[in-house]
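This report looks at one strand, its partners and the sheet to which they belong.

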Amino acid sequence: MKTKDEIRQDKWDRLETEKLGGFPFPLKNRIPNFKGAAAAAEYAAQLEVYKKAEVIKINPDAPQLPLRARVIKDGKTLLVPTPRLKAGFIMLKREWVPDGEERRAVSLKNIKQYGKEVPLSELPRVDLIVAGSVAVHKDGRRIGKGEGYSDREYAIMRELGNPHVPVISTIHSIQVTEEEFEVDTYDLPVDYIVTELGVIETNTPYSKPDGIHWDKVTEEEKGEMPVLNEIWELTKNT
């Protein structure tokens, strides 16, 4: 059995050596962009869970940019977490983006010009979540870049009363793994792996987080992520 970090390093190395990665470089220590990200986005947009969703939360990383743009083109509402969740979430609606500017509007550099930061108390109900990954097991176990933000973001939604929703991850086909590795109870599993080749439905046996594991939240994390204190005030001190 390998550790998550060993699998991460394997995937980053393979994307680099086989020249399957995309800008920005280096690929290591980030959710890696990959050749075929646009094709994966198109496959994701054909899923029924996508078609039915009105509000979709997607991570801000480069490989998910084509899918973020597609969400706006399709007239859906997009939620994107701010870096390190320091300012919570940015909401973007179709009517706020002029035709032809969708890709520009959903880039991390420009999204604040088109969207607006939304207080946790005003977040709309989310219907679908897209999480970036470094690797995903065929049974839905997911490995991110190691900082736990996708897990934490899902837990935040649950703390705020959002029901469980499907989770998609768009990755290159070589990022799919059959290596065994351990998972924690707060890890977020994936329901659909979408690659440049198509869709894998994981039928994952793993449960999604029901909320934040407050016993694992350090004071340092609360300082780095003010949104945690906000959630505590909203949900625990009422």
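How many bridges join E12 to strand E13, and in which sense do the two run? Four bridges join E12 to E13 (residues 198–201), and the two strands run antiparallel. The model is predicted, so local features need pLDDT of at least 70 and side-chain atom pairs count only at pLDDT 80 or more, whereas totals for chains, interfaces and linings use all residues. Residues are numbered from 1 along each chain as its sequence is written, and side-chain values use heavy atoms, with hydrogens and water left out.

Strands (E, at least two residues) and helices (H or I, at least four) are DSSP runs numbered from the N terminus, and two strands pair if DSSP finds at least two bridges between them. With two residues between them, E12 and E13 form a hairpin, in which valine 194 stands opposite valine 199 of E13. E12 also pairs with strand E10 (residues 167–170), in the parallel sense and over three bridges.

| Residue in E10 | Partner in E12 |
|---|---|
| isoleucine 168 | tyrosine 192 |
| threonine 170 | valine 194 |

From E12 (residues 192–195), Tyr192 and Val194 point one way and Ile193 and Thr195 the other, and all are buried (under 20% relative accessible area, with a 1.4 Å probe and protein chains only).

These strands belong to an open sheet of eight strands with mixed pairing, in the order E6-E5-E4-E3-E7-E10-E12-E13. Strand E6 (116–118) and E13 stand at the edges with a single partner strand each, so one side of each is left without a neighbour in the sheet.

How values were computed
Buried < 20%, exposed > 50% of the residue type's maximum accessible area, 1.4 Å probe, protein only.
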